[in-house]
Amino acid sequence: MADLLIKNGEVVNADGTVVADVLIRGEKIEKVASSIEVPDDIQVIDALGKLVLPGGIDPHTHFDLPMFETVSADDHYTGHKAAAFGGTTTVMDFIPQTPGMTLKSDVDLWHQKADSKAAIDWSFHMNITQFDARVAQEIPTLLDAGIASLKVFTAYNHRLRLQDREIFQLMQLAKEHNMLTMLHAENGDVIEVLVEQALSEGHSKPIWHARTRPAWGAVESVLRASSMAAQTEAPLYIVHMNTAGGLDQLNYARDRGVPVMGETCPQYLLFTEENLLRKDASKWIASPPLRNESDNNALWQGLSDNQFQVIGSDHCPFFFDGSKPIEYEGQQVSIPGKELGVNDFTKIPNGLPMVGDRLPLIWTAGVDKGKITAEQFVAQTSTNAARIFGIFPQKGVIRAGSDADLLIIDPENEVDYGVALSQHRTDYNLFEGWKIKGIPEKVFSRGEMIVDQGKWLGRMGRGKFLARNQTGETL
Ligand code: URP
Ligand code: ZN
Ligand code: ZN
């Protein structure tokens, strides 16, 4: 890797902004100082008037994930590439548990999918969707495989859900072995009843996805799991929080010293159930569902007040119309998608494209609109995830000794966004026609420029697996 000096940029870290030069040697940042002189043979990039930010860390992606009769449309190459174009240089993906198999075989399978394709650095979490004595015995061995975080679900009955007693036992185990429990918070029983009723009454449209997954389920599940965190003293990280009431419960628990942290996502800040009444509503189907404007506002306030720790993407894209191919890197690609649920909302694959949109959209709607500061942006999209998941200060900060993962943004540059610019391997973008700022001009991963002015310079297989043998900080 050639050495490089980025001069005169405003270097934004979670704890402050300074005008400084950043010297990169090989894969690492060697020095950050007000004026650095280098010999003529070192490449210099002038970032005057630009911002230099730590690469984004997205702790919530689903690449190549089988769902219903299909698979999520980005794999561990196309998803990494899309992430990089949006300024994200580290991702963490969830490994689904195969009932009856060892966790090790699932981890091996996810490495087979990811290792040769990875274009940026990545890590894994393990979903635990079947819990018994054998699984409990195997969980601590995940640490030897570099996996220190476990996701559990209080929804998706008969598929992914664990019972409360199992979640409680898993949290005791996680506490004992210094692992982090992550929680999908909805009420699976209520959803099951409401879905049965809706279908029997002939309701098939996408809006019923939201109507059968009430916000109250998220509210009580956040509190229920927080009470288990209080009783086990085990840290808990609640993923994709979408409701004002859930945030209230998170605050209730945190105010009492319970080690619980919260993640929200751009979709829950920027869209509402109104989107599920559109003709193309299935594009917005995700679980948990979009809610209303007062939830959006409360979630923004939660970011502004540092009540949430992280903004993840929950990137889980599907084609809107998988019968029509798109061109991707010169090939025609089509993958069955949202059309699978055209006559039945329960058959619409759950999830949406977001990994590449996350940073620019939060910059545009958050920082540029004065809802959060640039430093909070860095904390919530990068630094806090690095700290919580135990990869700080290797990642998530621009400082001497850290990996040279960073991006350069021209804060004045505004573009007309949409599917033509976003790099996800799917046939739509949720922000079609939006005016967006914060798209990085240049993106560096371990000192290598992988995106330059909209040009892809990265490649398959260059990403490194980040083994994490213990969890990080409780923020
Ligand atoms: O709809 C979503 N979010 N799909 C991904 C799975 C999950 O629960 O995060
Ligand atoms: Zn989830
Ligand atoms: Zn998810």
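This report describes the overall fold and the aromatic contacts of a predicted model.

## Overall dimensions and secondary structure

The protein chain contains 12 helices and 23 strands, and its C-alpha trace spans about 75 × 50 × 40 Å along the principal axes. For 475 residues, a compact globule would have a radius of gyration near 23 Å, and the 21 Å found for the protein chain agrees with that expectation.

## Burial, surface and contacts

Of the 475 residues of the protein chain, 62% count as buried. The accessible surface of the protein chain comes to about 17,700 Å², and carbon and sulfur atoms account for 49% of that area. When contacts in the protein chain are restricted to residues at least 6 apart in sequence, 75% of them join residues at least 24 apart.

## The pair Trp363 and Phe377

The structure holds 13 aromatic pairs, one of which is formed by Trp363 and Phe377. The ring centres of Trp363 and Phe377 are 5.0 Å apart and their planes stand at 90 degrees; because planes over 60 degrees apart count as edge-to-face, the pair falls into that class.

This pair links distant parts of the chain, since Trp363 belongs to helix α11 (residues 358-367) and Phe377 to helix α12 (residues 374-388), with their positions 14 residues apart in the sequence. Both Trp363 and Phe377 are buried.

## The cluster around Phe431 and Trp434

Phe431 and Trp434 form another aromatic pair that is edge-to-face, with 4.9 Å from centre to centre and 85 degrees between the planes. The two partners fall into separate accessibility classes: Phe431 has 0% relative accessibility and therefore counts as buried, whereas Trp434, at 30%, counts as partly exposed. The limit that matters for Phe431 is 20% relative accessible area, under which a residue is called buried, while the class of Trp434 extends from there up to 50%.

The pair is also part of a wider arrangement, in that Phe271, Trp284, Phe431 and Trp434 form one aromatic cluster.

## Charged groups over aromatic rings

Two further contacts involve a basic side chain and an aromatic ring. The charged end of Lys371 sits over the ring of Trp300, at 5.2 Å from the ring centre. Arg425, for its part, lies over the face of Tyr328, and here the separation from the ring centre is 5.8 Å.

Key:
Residues are numbered from 1 along each chain as its sequence is written. Chains are lettered from A and ligands numbered from 1 in the order in which they are written. This is a predicted model: local features need pLDDT of at least 70, side-chain atom pairs count only at pLDDT 80 or more; totals for chains, interfaces and linings use all residues. Side-chain values use heavy atoms; hydrogens and water are left out. Rings of Phe, Tyr and Trp (its six-membered ring) pair if their centres lie within 6.5 Å; planes under 30 degrees apart count as stacked, over 60 as edge-to-face and the rest as tilted. Helices (H or I, at least four residues) and strands (E, at least two) are DSSP runs, numbered from the N terminus. Buried means under 20% relative accessible area, exposed over 50%, partly exposed in between (1.4 Å probe, protein chains only). A charge sits over a ring if NZ of Lys or CZ of Arg is within 6 Å of the ring centre and within 35 degrees of the ring normal. The radius of gyration is taken over C-alpha atoms; the globule rule is 2.2 Å times the number of residues to the power 0.38. Contact means heavy atoms within 4.5 Å. Accessible areas come from the Shrake-Rupley method with a 1.4 Å probe; for residues, only the protein chains shown count as cover.
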